[in-house]
Amino acid sequence: TQLAATVALTQSVGLLGRTVNYTTASSGAGSGQVTLITLSSGTPTMSITASDGTVTSGVAISQLTTVK
């Protein structure tokens with residue numbers, strides 16, 4: 001629904017600039033800073049930049065394991 005998408009987007013925006021740990025099926029576990037929020041079919045996903053500059057895109061909130 002529209003309300004659920006708005007709430008998810010609001011939560012994601014609050015993660016911008018935060019350091020997170022995550023796990024994805026394609027790239028496994030990683031960590032880095034949330035640098036971009038995008039909407040994909042109404043669902044927010046994040047791009048996370050690791051300390052070595054590597055960017056992992058398409059990370060969903062549900063794939064985060066910790067937020068620092």
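The following questions and answers concern the fold of a predicted model.

Reader: In what order do the helix and strands of the chain run from the N terminus on?

Author: In this predicted model, the secondary structure comes to one helix and five strands. Read from the N terminus on, the elements run α-β-β-β-β-β.

Reader: How does the radius of gyration of the chain stand against the globule rule?

Author: The C-alpha trace spans about 35 × 25 × 20 Å along its principal axes. For 68 residues the globule rule gives 11 Å, and the chain is close to that value, so it is as compact as a globular protein of that length. The radius of gyration of the chain is 11 Å.

Reader: What is the order of the strands in the sheet?

Author: Strand S1 pairs with S2 over six bridges and with S5 over three bridges, antiparallel in the one case and in the other. Four bridges join S3 to S4, which also run antiparallel. The five strands form an open sheet with antiparallel pairing, in the order S4-S3-S2-S1-S5.

Reader: Which are the edge strands of this sheet?

Author: The order of the open sheet is S4-S3-S2-S1-S5. An edge strand pairs on one side only, and this holds for S4 (55-60) and S5. On average, neighbouring strands of the sheet are turned by 40° against each other, direction ignored. The edge strands are S4 and S5.

Reader: Which strands does helix H1 touch?

Author: Helix H1 covers residues 2-13 and packs on the sheet. Its direction makes about 130° with that of S2. The strands touched by H1 are S2 and S3.

Reader: Which residues of strand S1 form its covered face?

Author: In a regular strand the side chains alternate between the two faces of the sheet. Strand S1 spans residues 19-24, and its uncovered face holds Thr-19, Asn-21 and Thr-23. The covered face is made of Val-20, Tyr-22 and Thr-24.

Reader: Which residue of S2 is the bridge partner of Val-20?

Author: S1 and S2 form a hairpin with three residues between them. S2 covers residues 28-40 and pairs with S1 in the antiparallel sense. Within S2, the bridge partner of Val-20 is Gly-32.

Reader: Which residue of S5 is the bridge partner of Asn-21?

Author: Asn-21 belongs to the uncovered face of S1. S1 pairs in the antiparallel sense with S5, residues 64-67. In S5, the bridge partner of Asn-21 is Thr-66.

Reader: Is Thr-24 buried or exposed?

Author: Thr-24 lies in strand S1 and touches Val-59 and Gln-63, residues up to four places away in sequence being left out of the count. Its relative accessibility is 9%, and the cut-off for burial is under 20%. Thr-24 therefore counts as buried.

Reader: Why does Met-46 count as buried?

Author: Met-46 is found in strand S3, residues 43-49. Not counting residues up to four places away in sequence, Met-46 touches residues including Leu-15, Val-34, Leu-36, Ile-37 and Leu-64. Burial requires under 20% relative accessible area. Met-46 counts as buried because its relative accessibility is 0%.

Reader: How many Å apart in space are Met-46 and Ala-60, C-alpha to C-alpha?

Author: The two residues are 14 residues apart in sequence, and Ala-60 is among the residues that Met-46 touches. Ala-60 is also the bridge partner of Thr-45 in S4. From C-alpha to C-alpha, Met-46 and Ala-60 are apart by 6.3 Å.

Note on methods
Residues are numbered from 1 along each chain as its sequence is written. This is a predicted model: local features need pLDDT of at least 70, side-chain atom pairs count only at pLDDT 80 or more; totals for chains, interfaces and linings use all residues. Side-chain values use heavy atoms; hydrogens and water are left out. Buried means under 20% relative accessible area, exposed over 50%, partly exposed in between (1.4 Å probe, protein chains only). Helices (H or I, at least four residues) and strands (E, at least two) are DSSP runs, numbered from the N terminus. Two strands pair if DSSP finds at least two bridges between them. Contact means heavy atoms within 4.5 Å. The radius of gyration is taken over C-alpha atoms; the globule rule is 2.2 Å times the number of residues to the power 0.38. Axes are lines fitted to C-alpha atoms, for helices over the stretch in contact, and angles run from 0 to 180 degrees between N-to-C directions.
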